[in-house]
Structure formats: structure tokens, C-alpha cells
Amino acid sequence: MSLSTALSSLPPLHRHRFRLPPALGGIFRGLLIGLLAVAIFGPLLNMLIWTVAEAWYFPAKLPVRWGFAFWTKVFRPEAGAMQALWTSLVIAVLTVLLSLAIAIPAGYALSKRDLPLRSLFLLFFLLPQAFPTIAVHLNIARIFYGLGLTGTIPGVMLVHAIQGLVFAVWIASATFAAIGTEQVEAARNLGASPLRAFLTVSLPLAAPGLMASAIFVFLISLDEFSGTFFVGVPNVRTLPLTMLNAALEGNYQIASITALLLLVPSVLFMLFVERFLKADVLSGVGK
């Protein structure tokens, strides 16, 4: 008998996979989902408890006195929290507009034109992220001081835009690169100028990606602290600065309430963008 015949006559080898019993598998999945829920929602729940805790001392597991006294303190005019929130929103919206104004033409050129050193240009927008944020903002503050931009909203907006352009340009470039040329060429053949073809065809098709970049830029600007601190203080006061000052002073109730206030515009902005990105709305953008 040959060796090949002998080997073929042997019974096939089966790999036995280890499987948990159904009951143990359900328990394991439940524990995993529970751990994920605690990791995600635990900090939010703790923040919500602090917003209504008037007294909470160690080693008590829950506040020893509940109430809304600190909400009254936050919403008093002299507290300045609402003015800080308004300033944060204005800066965030202006930062989004500035970032998109740069990212749209830059992203289109980087995706549709045969530019020399294209990869170098894209890498250039990543440079601010390659260094410690505080070091970058400290040196920007020194430059802005000589230009008279420190302590001003335009100065803070420019600092936020430096951070936001990383996402805005890269997302815009990838969005325009994913758009085919057939519709643009059809518009050109019908007599549309390059600018009109861009405004009526390319830009509406790129709207979902551009709105996604707007979300990133808005959230980055709304939560930015170090750039605002080095460039804006003492004249520009945003809600993240108010929240951090309260936390450093040990006033966790004020810090939690301001964090909750900061969360509201972020959620509303994302809901607005989600509504804008629906197919039935986008279908009429270019008309």
C-alpha cells in the first residue's frame, strides 16, 4: 500500500470549537453589555446626580441633600454662564463658517486637480495635531499678541479654526474625490460654466460630507479650552472656561450644570444636521 493510499484511508480530522453553553453565553453577553453601558452612561449619570446634589460627602453613596439651589446660582445674570454659552455658540458658528470657506475650495482642488506635492499639502493640515496642544496654543498666543488678536473673538475663532481645519479639509477632500465626473461633464456640455457646474452639481452632492465636517468643527470649537485660555482670556469667556474654573475650585455642582448646558447645543446641532442630511431634503439642494 502506498503512503498516499494509507493517508487517504485515515478518518478526517475535525477541529472542535469551544462553545459556551447557551445559558452561560447569555450571561456573558449580558455582563459585557452591562459593562459597556456603565462605561458609556456611568459618567453621564454621575454628572446628572451632581446637578441636583446640594450636599454630597464621602463616604455617602448618594447625595445627602437634593435640590436645585445651584441651578439658581448658574442662571443668575451675575454668574455669566448664559453669556458664556452665547459666546461659545457665536465662536463655534463663526469657526464652522471659516473652516468650510477654506475647506471647500481646498478639498475640491486637492481631490480634482493634479496638484504637485498634494500629499504634502494634506500633511500640512495635520501638523497642529503632531505637537502638544498647549505648546501650539502658547506660541500662537505670542504671535497673536503682536497682531492685536489676543482677547478678541476673531483671535479665538482663528485658534479654533486651526484645530477644525484638520477634519474639514480631509473630509472635504475625500468627499469631492468620491463624486464622479459624469454629472459635472454633462452640466458642462449643456453650457454651464465651471463655477455654475460646481455650485449646482458638485456642491450639492458633497453636502453630506461637508455637513459631517461641520459637525466635527462645531463640536471641537464648542469644547475647546486651551486655545481660548491662552488667546481669549480675560476678555473672552466661554462655557468650557467657566466649567473648568468651577471644577478646579471644587464646585462640582456648577461644573456639572455647565457641562449639561454645553451638551444641549451639541445635540441640537447634530439633530439639525441629521434632518438636513435626509434624502428628501438633499434632493432639492441643487434645484
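A nonpolar core is a set of buried Ala, Val, Leu, Ile, Met, Phe, Trp, Tyr and Cys residues joined through side-chain atoms within 4.5 Å. Keep that in mind as we walk through this protein, which is a predicted model.

Let's start with the overall layout. The chain folds into 13 helices and 2 strands. Of its 287 residues, 37% are buried. If you take the contacts between residues at least 6 apart in sequence, 68% of them join residues at least 24 apart. On the outside, the protein exposes about 18,000 Å², and 71% of that comes from carbon and sulfur atoms.

Now head inside. The largest nonpolar core has 34 residues, and the ones with the most contacts inside it are Val74, Val96, Ile104, Phe176, Leu210, Phe218 and Leu239. The elements that each give two or more residues to this core are α3 (69-75), α4, α7 (153-177), α9 (194-223), α11 (239-248) and α12. Helix α4 supplies the largest share, with 10 residues. There's also a second, separate core of 9 residues, and Val136, Phe144, Val159 and Val236 are among them.

Helix α4 runs over residues 81-112, and Leu89 is found there. Is Leu89 buried or partly exposed? Its relative accessible area is 23%, so Leu89 counts as partly exposed, since buried would mean under 20%. Setting aside neighbours within four places in sequence, Leu89 is in contact with Phe218, Leu222 and Pro265. You've met Phe218 already, as one of the core residues with the most contacts. Leu89 also gives a nice example of how the chain folds back: Leu89 and Ser266 are 177 residues apart in sequence, but 9.7 Å apart in space, C-alpha to C-alpha.

Next, follow helix α12, which is where Gln253 lies. Gln253 has a relative accessible area of just 9%, so it's buried. What does Gln253 touch, not counting residues up to four places away in sequence? The list is Trp50, Ala53, Glu54 and Phe70. With Ala53 there is a polar link too: a polar atom of the Gln253 side chain lies 3.0 Å from the backbone oxygen of Ala53.

Glu54, another residue that Gln253 touches, has a partner of its own. Side chains of opposite charge can pair when their charged atoms come close. Here Glu54 forms a salt bridge with Arg65, and the closest N and O atoms are 3.3 Å apart. The pair links distant parts of the chain, with Glu54 in strand β1 (residues 53-55) and Arg65 in strand β2 (residues 65-66), 11 residues apart. A search of the whole structure finds 1 salt bridge. Both ends count as partly exposed, because Glu54 has 22% relative accessibility and Arg65 has 43%.

Finally, step back out to the surface. A nonpolar patch there is formed by Phe28, Leu32, Leu36, Ile40, Phe41, Leu44, Leu263, Val264, Val267, Leu268, Met270 and Leu271, with about 1,100 Å² of accessible area together. Which elements give two or more residues to this nonpolar patch? They are α2 (22-51) and α12 (252-276). Ile40, for one, sits in helix α2. With 53% relative accessibility, Ile40 counts as exposed, because the cut-off for that is over 50%. So helix α12 turns up in both settings: among the elements giving two or more residues to the largest core, and among those doing so for the surface patch.

How values were computed:
Residues numbered from 1 in each chain as written. Predicted model: local features only at pLDDT ≥ 70, side-chain atom pairs only at ≥ 80, totals over all residues. Heavy atoms only, no water. Patch = residues over 30% accessible without salt bridge, like charges linked within 9 Å, V, L, I, M, F, W, Y side chains within 5 Å. Areas by Shrake-Rupley, 256 points an atom, 1.4 Å probe, with all protein chains shown as cover. Salt bridge = Lys/Arg side-chain N within 4 Å of Asp/Glu carboxyl O. Helix = DSSP H or I, 4+ residues; strand = E, 2+ residues; numbered from the N terminus. Buried < 20%, exposed > 50% of the residue type's maximum accessible area, 1.4 Å probe, protein only. Contact = heavy atoms within 4.5 Å. Polar contact = N/O pair within 3.5 Å; in protein donor to acceptor, adjacent residues only side chain to side chain.
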